[in-house]
Amino acid sequence: MKRREFLKKAGIGVAASTAFGPVFAQTQPQVRWRLASSFPKSLDTIYGAAEVLAERVSALTGGRFQIRAYQAGEIVPGLQVMDAVQQGTVEVGHTASYYFVGKAQILAFDTAVPFGLTARQQNAWMYHGGGIELFRPIFADFGIIQFPGGNTGVQMGGWFRKEINTAADLRGLKMRIPGPGGQVMSRLGVVPQVIAGGDIYPALERGVVDAAEWVGPYDDEKLGFQRVARFYYYPGWHEPGPMLSFYVSLREWQRLPKEYQQAFETAAAEANLWMMAKYDRVNAPALQRLIRAGVRLRKWPAEVMRAAQRAAFEWYEEEAAKDATYRKVYTAWKAFREEQYRWFGVAELGYEQFAFPAS
């Protein structure tokens, strides 16, 4: 479904401009914001959520509140979006919080951690499980207020030049994998690299890295990884439900009229839904195209999965022992995860094991 068609069918759509335009024109100021994305425009789904936000905010305010989205590199590089919002270079950013664990390890839980929450569970935690409330004071220390801004769903495990049969086969490999996934992989002997999306292909092609992960079939096909690595692993245990976030300058947020704040929150929630729905639509045919092109689909060996899970929770416990803020969020997250796993293990898994075709 095209983005504009989605916006029209989702609710108010273009009609909002007509219905509310005169009111806003008379009573509200004109506001112009710039949004810096961590993603290139060519990745139309992950970048597209920022455009959904901008279009909906404009529609809900009769065009009085305008946000212009810029792709990675137009204003700042993709991995400098948080700094740009903090420094006032832009009013809003669209990014993944785990890119910035160098500032605070706990930021990873705003996106995804290995063997963590699926997209639905992450939404449940953020909107109804206390996740947003836990993170608001953390982001406030950076001068930011954050909003859920999309999800890719369970990602793929990555592209490898050689087949991985045991955990030992990972040792010494240089792999593009950011955040917590990189931390866990490092404990398995991998040398993790943090590389922005648009720079992964040349790094893989030139042998700067031996393996790389990005998102899933639709985006990976666009980036061309199938031309330089043939083994495609699943599932993405390192990112079972990675949530993107809209970062808003807290100072600029507090200046907004309440009606504009509500318009922004509504638009962000719609963008969050839009991205996941779009990925669910486009990943299935993309995977079939990759397989027809000769890509060798491989499931992670159970030995690798067990070793990664062990390493992940050992690391979480170590971090929790060192940092009180980390411990507070992790303790709440872990309890929520256990509760969700029990429920999903009954209804969702029970159905899926019967209905889904064996891979």
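## A tour of cavities, a pocket and a helix crossing

In this predicted model, the lining of the second largest cavity comprises six nonpolar and three polar residues, with no charged ones. To display this site, select Ala-108, Phe-109, Thr-111, Ala-112, Val-113, Gly-116, Leu-117, Gln-122 and Trp-333, the residues that line the second largest cavity. The space that they line has a volume of about 30 Å³.

**The largest cavity**

The structure holds two cavities of 30 Å³ or more. For the largest cavity, select Ile-46, Tyr-98, Tyr-99, Gln-155 and Glu-239, which lie nearest its centre among 14 lining residues. The volume here is about 90 Å³. Colouring the lining of the largest cavity by class should give ten nonpolar, three polar and one charged residues.

**The largest pocket**

Proceed next to the largest pocket, whose volume is about 1,800 Å³. Centre the view on Thr-118, Val-154, Pro-235, Glu-352 and Phe-356, the residues closest to the centre of this pocket out of the 40 that line it.

Which helices and which strand each supply at least two residues of the lining of the largest pocket? Select the following elements in turn:

- helix H5, residues 119-128
- helix H11, residues 258-292
- strand S11, residues 296-299
- helix H12, residues 302-322
- helix H13, residues 324-355

Each of these five, H5, H11, S11, H12 and H13, contributes at least two residues to the lining of the largest pocket. By class, the lining of the largest pocket has 21 nonpolar, 13 polar and six charged residues.

**The crossing of H7 and H12**

Keep H12 selected, and add helix H7, residues 179-187. The axes of the two helices come within 9 Å and cross at roughly 115 degrees. Angles of 65 to 115 degrees count as roughly perpendicular, and H7 and H12 are therefore roughly perpendicular to each other. In handedness, the crossing of H7 past H12 is right-handed.

To inspect the contact itself, show the side chains on both helices. On H7, the residues to select are Pro-180, Gln-183, Val-184 and Arg-187. On H12, their counterparts in the contact are Ala-308, Ala-311, Ala-312, Glu-314, Trp-315 and Glu-318. How do the residues of this contact divide into nonpolar, polar and charged? Six are nonpolar, one is polar and three are charged.

Definitions and conventions:
Residues numbered from 1 in each chain as written. Predicted model: local features only at pLDDT ≥ 70, side-chain atom pairs only at ≥ 80, totals over all residues. Heavy atoms only, no water. Axes fitted to C-alpha atoms, helices over the stretch in contact; angles between N-to-C directions. Helix = DSSP H or I, 4+ residues; strand = E, 2+ residues; numbered from the N terminus. Parallel < 35°, antiparallel > 145°, perpendicular 65-115°, else oblique. Left-handed = near helix turned anticlockwise from the far one by under 90°. Contact = heavy atoms within 4.5 Å. Nonpolar A, V, L, I, M, F, W, Y, C, P; charged D, E, K, R; others polar. 1 Å grid on protein atoms, 1.4 Å probe; cavity = no way out; pocket = protein on both sides within 12 Å on 5 of 7 lines; lining within 4 Å. Points joined across faces, edges and corners; volume = space filled by probe spheres on them.
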